[in-house]
Every structure is written in structure tokens, then in C-alpha cells.
Amino acid sequence: ENTRATLLEKIKAAMSEKRFNHVLGVEAAALSLAERYGESKEKASIAALTHDYAKERSDSEFKQVIRDYDYDLDLLNWNNAIWHGLVGAQFVEKELGITDESILQAIRLHTTGASQMSLLDKIIYVADYIEAGRDIPGVEKARAIAKKDLDEAVAYETKHTLAHLIDINAPIYPKTIETYNRWVAKKN
Ligand code: DGI
Ligand code: FE
Ligand code: FE
Ligand code: FE
């Protein structure tokens with residue numbers, strides 16, 4: 001049975017103490033956004049606690065899941081940064097028994113965002129960026145925006161993440177571009 005205590009225990013066992021503290025910070029930020037914007041706090045809590053559950057899995061585990069569960073095989077050309085959410089939701093479903101599709105989707109989209117995002121998707125995407133332990137340049141601005149306009153916070157985070165990735169010559173996953181086009185460029 002998935003009481004909060006058993007869920008926390010499984011999550012703690014799956015990651016470093018540093019990452020576990022990040023997850024608790026994301027939960028606190030997500031609960032605050034859920035309160036402010038009218039989302040289920042229980043869903044926000046579970047999605048936040050599980051969003052990085054698979055992040056410390058090996059590349060070979062991800063590749064096996066991509067092959068075994070009929071994911072787009074182009075995913076094999078990417079890496080943990082892209083896999084741990086998009087494919088990581090599969091581990092959350094299978095190992096933690098979480099079947100709520102809205103929670104699984106928020107986990108899938110938490111790194112890249114998407115052109116279409118539910119309120120819960122936006123809350124997890126933004127909470128991951130603004131949680132109290134984060135020390136990203138501009139995070140204070142992101143926190144202030146998140147209190148006023150969640151869509152604007154999605155846009156701010158997307159723009160700054162993309163600018164950083166370009167700065168370091170990182171490959172951009174197509175879904176990240178889709179998120180930029182919809183929420184930053186506001187292209188229909
Ligand atoms: O798992 P977290 O560190 O809490 O945060 P995250 O899941 O939002 O981001 C993980 C990493 O993924 C972060 O370093 C930014 C990076 N990322 C996001 N979009 C893309 C990306 N990396 C690449 N190469 N391409 C992307 O499109
Ligand atoms: Fe993540
Ligand atoms: Fe993020
Ligand atoms: Fe995270």
C-alpha cells in the first residue's frame with residue numbers, strides 16, 4: 001500500500017541525499033503552487049516526490065525500457081537528462097504502482113515541458129526550477145513570477161533553460177523547442 005511514509009522510503013532509497021532534499025523542496029514548492037492555482041495537493045505532492053525517481057538509473061536500464069515498451073527509438077540517441085522524466089515515468093508506474101495518468105504525464109514532461117501542458121504539468125515543471133534549494137541565476141525572478149502568473153513562469157524557465165543549453169552547445173530535444181514555440185514565442 002502506498003502510504004506517504006512507504007512512498008517516501010522508496011524514493012529516498014532510490015537516490016542520493018542531495019537529490020532527495022531537492023525532491024522535498026520540489027514538493028514544498030508544488031504544494032504552494034497547487035494552493036495558489038487550485039490544483040489537487042495530493043496529486044501535486046505525489047508528482048513532485050516521484051518526478052526524479054528514475055534519475056539515478058543506468059543508461060542501459062533506460063535503453064531496455066525504451067526498447068521493451070515501444071518508445072520512439074529516436075530516444076536511444078538521447079541521454080539521462082531527457083530519459084529520466086519521459087521514460088522515468090515508466091519506472092514510477094511499475095515500481096511505485098502510481099497509475100494516475102495526470103501524475104505520470106507531469107513526470108514525463110517535467111524536464112522538457114510541452115506545447116500542451118495541464119495545470120499539474122506546469123506546477124511540477126515550475127516547482128522543479130524554483131524550489132528553495134535551487135541556485136540558478138535568475139531563480140529569484142522565477143519565484144516572483146510564479147506567484148503572479150504560472151504561464152509566465154513556464155515561459156521564463158523555458159527561455160532561460162534553452163539559452164543555457166545553447167550557451168553550452170548542448171543538443172536541444174525537439175520537445176524543448178515545441179515548449180519554447182508555444183510558451184515563449186507564443187506561436188499557435
Ligand atoms: O532533474 P533536475 O536536475 O531536477 O532538472 P530537470 O529534469 O528539469 O533537468 C535535467 C537537465 O536536463 C538539466 O540539466 C537541463 C537539461 N535539459 C532540459 N531540456 C534539455 C536538456 N538537456 C538537453 N541536452 N536538451 C534539452 O532539450
Ligand atoms: Fe528532473
Ligand atoms: Fe526542470
Ligand atoms: Fe528535479
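Me: At what angle do helix α2 and helix α8 pack?
Reply: Keep in mind that this is a predicted model. Helix α2 covers residues 17–37 and helix α8 covers residues 119–130, and their axes sit 8 Å apart. The angle between the two comes out at about 135 degrees.

Me: Is α2 parallel, perpendicular or oblique to α8?
Reply: The packing angle is about 135 degrees. Roughly perpendicular stops at 115 and roughly antiparallel needs over 145, so a value in that gap belongs to the remaining class. That makes α2, relative to α8, oblique.

Me: How do the residues of the contact of α2 with α8 divide into nonpolar, polar and charged?
Reply: From α2, the contact takes in His22, Val26, Ala29, Ala30, Leu33, Ala34 and Tyr37. On the α8 side you get Leu119, Ile123, Ile124, Val126, Ala127, Asp128 and Ile130. His falls in the polar class and Asp in the charged one. The split is twelve nonpolar, one polar and one charged.

Me: Which spacing do the donors of the iron ion (ligand 2) follow along the chain?
Reply: The protein donors here are Asp52 through OD, plus His84 and His110, each through NE2. They lie 2.1 Å from the iron ion (ligand 2). Asp52 is in the loop between α3 and α4, while His84 is in helix α5, 32 residues apart. Written as a pattern, the spacing is D-x31-H-x25-H.

Me: Is Asp52 buried or exposed?
Reply: The cut-off for buried is under 20% relative accessible area. Asp52 has 4%, and its fellow donor His84 has 3% and is buried. With its 4%, Asp52 therefore counts as buried.

Definitions and conventions. Residues numbered from 1 in each chain as written. Chains lettered and ligands numbered in written order. Predicted model: local features only at pLDDT ≥ 70, side-chain atom pairs only at ≥ 80, totals over all residues. Heavy atoms only, no water. Donors = N, O, S within 2.8 Å, 3.2 Å for Na, K, Ca; no water. Helix = DSSP H or I, 4+ residues; strand = E, 2+ residues; numbered from the N terminus. Buried < 20%, exposed > 50% of the residue type's maximum accessible area, 1.4 Å probe, protein only. Axes fitted to C-alpha atoms, helices over the stretch in contact; angles between N-to-C directions. Parallel < 35°, antiparallel > 145°, perpendicular 65-115°, else oblique. Contact = heavy atoms within 4.5 Å.
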